[in-house]
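Trainee: I am new to this structure and would like a close look at a single part. Could you walk me through one helix and its surroundings?

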Amino acid sequence: MVMSGHRTINIIFKKINDIKTQLFSPKYLLYTNVAISISLSATGDVLEQHYEILKGEWDKFSTKRTKNMAISGMSVGIICHYWYKYLDVKLPGRTIDIVLKKVVIDQLICSPLYITMFFLTLAILEKNSWSELKNEIISKAYKLYIAEWIIWPPAQIFNFYFLPTKYRVLYDNTISLGYDVYTSQVKHGCSNSNLKNS
């Protein structure tokens, strides 16, 4: 009986390992990374909305808002997938010098691109004009960029030093869950009074 239970556990762990190996294989890695980004962007918004409802800033849960945040996660997930592959090809190795170069380049190039893509995707989904998009980027993007400089350099040192390329987006999104809550707050915080009852 004990041996049978032990064997069952081994089979379960083997199945999980096989699934993980397949999901993070080159063939499926883009889909895996995008699915992770969509899921955690949506989760971040769900958490933020529930917090806003508890504080009385939001009357009811908006599935449209969560759907839009999830789609923005998809566009950002695609960028991150290709960005990490590109960065690891251009700057191979794990020396401290290489890792620090990657962190600085990531902050100076990918972070602004990530933030711009986030606002652009949501502007398209919300059918905003170019001037509304520009005003939103001017009034809100700097808050996200400051937060990026606080959160990401230490997180990315670990990412670039210890992890293989295929796990970078998973790690990134795991760390990013708290940041996704903040991103949702920055995006929707100033417009809560307009969006009540929507």
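Mentor: Happy to; what follows is a look at helix α5 and the residues around it. Please keep in mind that this is a predicted model. Helix α5 covers residues 130-162, and a good place to begin is Glu-148, which lies in this helix. Glu-148 is buried, yet it has no salt bridge. The nearest side chain of opposite charge belongs to Arg-168, and that is 15 Å away. As for what Glu-148 does touch, leaving aside residues up to four places away in sequence, its contacts are Gln-107, Ser-111, Tyr-114, Ile-115, Pro-153 and Tyr-179.

Now let us turn to the surface. Ile-96, Leu-100, Ile-157, Phe-158, Tyr-161 and Phe-162 make a nonpolar surface patch of about 570 Å². Helix α5 gives the largest share of this patch, four residues, while α4 (96-125) also supplies at least two. One patch member to pick out is Phe-162, which sits in helix α5. Its relative accessibility is 51%, and exposed means over 50%, so Phe-162 counts as exposed.

Phe-162 also belongs to a cluster in which ring pairs link it with Phe-158, Tyr-161 and Tyr-171. Across the whole structure, a search finds eight aromatic pairs. In one pair, Phe-118 and Phe-119, the ring centres are 5.1 Å apart and the planes are at 70°, so this pair is edge-to-face. Phe-118 and Phe-119 are both buried, whereas Phe-162 counts as exposed.

Methods:
Residues are numbered from 1 along each chain as its sequence is written. This is a predicted model: local features need pLDDT of at least 70, side-chain atom pairs count only at pLDDT 80 or more; totals for chains, interfaces and linings use all residues. Side-chain values use heavy atoms; hydrogens and water are left out. Buried means under 20% relative accessible area, exposed over 50%, partly exposed in between (1.4 Å probe, protein chains only). Lys and Arg count as positive and Asp and Glu as negative; His and the chain ends are not counted. A salt bridge is a side-chain nitrogen of Lys or Arg within 4 Å of a carboxyl oxygen of Asp or Glu. Contact means heavy atoms within 4.5 Å. Patches are made of residues with over 30% relative accessible area and no salt bridge: like charges are joined within 9 Å, nonpolar side chains (Val, Leu, Ile, Met, Phe, Trp, Tyr) within 5 Å. Accessible areas come from the Shrake-Rupley method with a 1.4 Å probe; for residues, only the protein chains shown count as cover. Rings of Phe, Tyr and Trp (its six-membered ring) pair if their centres lie within 6.5 Å; planes under 30 degrees apart count as stacked, over 60 as edge-to-face and the rest as tilted.
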